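This report describes selected helices, helix crossings and individual residues of one protein chain. The sequence and the structure are shown first.

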Amino acid sequence: MRTHDLAVVGGDGIGPDVTAEALRSVHAAAGHFGFRVTTTAYDLGAERWLRDGVALDETSTEKLRGHDAILLGAVGDPRVPPGVLERGLVVALRVALRHAVNVRPVRLYPGVESPVRGLSPERCDLVIIRENTEGLYAGGGSTVHQGTDHATAVQNSINTVAATRACVGYAFRLARARRRRLTLCHKTNILVEAGKLWTGVVEEIGNDFPDVAHDYVHADAMCQHLPLTPERFDVVVTDNLFGDIISDLGATIQGGLGLAASGNIDPTGANPGMFEPVHGSAPDIAGSGRANPAAAVLSAALCLAHLGEHAAALALEAAAASVLGELRDRPDSTTGIGTRIAERVREVDLTALGDPAASLMTAMSARSGIRE
Ligand code: IPM
Ligand code: MG
């Protein structure tokens, strides 16, 4: 029987709560679709850091590298200074595992209310592909004359052709598997050096994809187009910080951060992907049953898709979408929602889902990241 060996980092706050529901749904999907999932829990996050000052140790990184995929809950805790876990654990893992791609779907599911007036599900189904290891996240920097009126902070942005190619290549392959449209989102009129590099890579790789139309939108203009005309986008490729920002906007449009999934992917397939909800650890509601586990479940669906379990991934997404569509009339607790999704996954009629070929879940695959 096919077996997938998952590492589980529940993390902090609501992280363990929502991850438990993601696992419940993955096991339900595995039982129904005939594969096996094994899990190993990792003690990483605030408690570990508070106990022995370690955000991420070499041994854990190497062990994580040996799994087929990683499910991450959320990190962040008021007892830990900001940045320690975000940079020291999440970003460190993205870099160590060469996750040049962060896949962030923006999809409005039927029955879910968008704050954008009149937005319908048919108009909102796009994927943000965010470069995930570089830009302002990786540039380092320095401060001189600290504590004086002449204090000067320098924050560098790193943009390599190698990582940009890896990211843009994945985005083009994904666009080819979907609706064949790719948009580069940047700020080339101001960030001219990085902008030239990104534009050059898109032109270069675009030559190999004559069947995929590509265009360009400035990051600030994107903040207007994304809520007003999301239907004009299929795959949006962008750098690390712009991707961080516009994906929160995307999450808002699709109904909130509680619904936004993501996958950190090494497009070469050499390292395991890491799948995490976009939301934070919300320590104030940890353990209260108020967190919506849908983003974690949908991230687990991306994980299954990436591992090649396309039918299970489609079913899990459909099950989560159908429960989400009912929540307005039938609200539920974290466990309640998770249990409903896990039950529903066995009932999904895959033939009724429309054209699966265009689905992100069908398009993703383990080796190249994308099915050719
Ligand atoms: C995200 C988060 C992270 C980021 C943090 C937790 C490091 O905001 O995944 O979008 O800035 O990338
Ligand atoms: Mg973010």
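## Helix α11 and its surroundings

Within helix α11, the buried residues are Thr334, Gly336, Ile337, Gly338, Arg340, Ile341, Ala342 and Arg344. The model is a predicted one. Helix α11 spans residues 334-344 and is mostly covered, since 8 of its 11 residues are buried. Its buried residues pack against three helices, namely α1 (15-33), α9 (294-306) and α10 (310-326).

## Two helix crossings

Two of the helices that receive the buried residues of α11, α1 and α10, also pack against each other, at an angle of about 130 degrees. The table sets out this pair beside the pair formed by α5 (residues 161-177) and α6 (residues 192-206).

| Helix pair | Angle between axes | Separation of axes |
|---|---|---|
| α1 and α10 | about 130 degrees | 10 Å apart |
| α5 and α6 | roughly 50 degrees | within 9 Å |

An angle counts as oblique when it is neither under 35 degrees, nor over 145, nor from 65 to 115. At about 130 degrees, α1 and α10 are therefore oblique to each other. The crossing of α1 and α10 is right-handed. On the α1 side, the residues in contact are Ser25, Ala29 and Phe33, and they meet Ala311, Ala312, Ala315 and Leu316 of α10. Sorted by class, this contact of α1 with α10 comprises 6 nonpolar residues, 1 polar residue and no charged residues.

The helices α5 and α6 cross at roughly 50 degrees, and they are therefore likewise classed as oblique to each other. Their crossing, too, is right-handed. From α5, the contact draws on Val161, Thr164, Arg165, Cys167, Val168, Gly169 and Phe172, while α6 supplies Leu197, Trp198, Val201, Val202, Glu204, Ile205 and Gly206. By class, the contact of α5 with α6 has 9 nonpolar, 3 polar and 2 charged residues.

Helix α5 also holds Arg173. Is this arginine buried or exposed? The relative accessible area of Arg173 is 18%, and buried means under 20%, so Arg173 is buried. Between Arg173 and Ala312 there are 22 Å in space, C-alpha to C-alpha, and the two are 139 residues apart in sequence. Ala312 is one of the α10 residues that meet α1.

## His4 in strand β1

Strand β1 covers residues 3-11 and includes His4. With a relative accessible area of 8%, His4 is buried. The side chain of His4 is joined to that of Glu309 by a polar contact of 2.7 Å. Leaving aside residues up to four places away in sequence, His4 touches Phe35, Arg36, Val37, Thr38, Asp68, Leu307 and Glu309.

## Two loop residues with positive phi

Arg98 is not a glycine, yet its phi is positive, at about 50 degrees. This residue belongs to the loop between α4 (84-96) and β4 (101-107). Its relative accessibility is 59%; exposed means over 50%, and Arg98 therefore counts as exposed.

Ala282, also a residue other than glycine, has a positive phi near 35 degrees. Ala282 is located in the loop between β12 (273-277) and α9. The helix that follows this loop, α9, is one of those against which the buried residues of α11 pack. At 27% relative accessibility, Ala282 counts as partly exposed.

Key: Residues are numbered from 1 along each chain as its sequence is written. Chains are lettered from A and ligands numbered from 1 in the order in which they are written. This is a predicted model: local features need pLDDT of at least 70, side-chain atom pairs count only at pLDDT 80 or more; totals for chains, interfaces and linings use all residues. Side-chain values use heavy atoms; hydrogens and water are left out. Helices (H or I, at least four residues) and strands (E, at least two) are DSSP runs, numbered from the N terminus. Buried means under 20% relative accessible area, exposed over 50%, partly exposed in between (1.4 Å probe, protein chains only). A polar contact is a pair of N or O atoms within 3.5 Å; within protein, one must be able to donate a hydrogen and the other to accept it, and residues adjacent in sequence count only if both atoms are side-chain atoms. Contact means heavy atoms within 4.5 Å. Axes are lines fitted to C-alpha atoms, for helices over the stretch in contact, and angles run from 0 to 180 degrees between N-to-C directions. A crossing is left-handed if the near helix is turned anticlockwise from the far one by less than a right angle, and right-handed if clockwise. Ala, Val, Leu, Ile, Met, Phe, Trp, Tyr, Cys and Pro count as nonpolar, Asp, Glu, Lys and Arg as charged, and the others, Gly among them, as polar.
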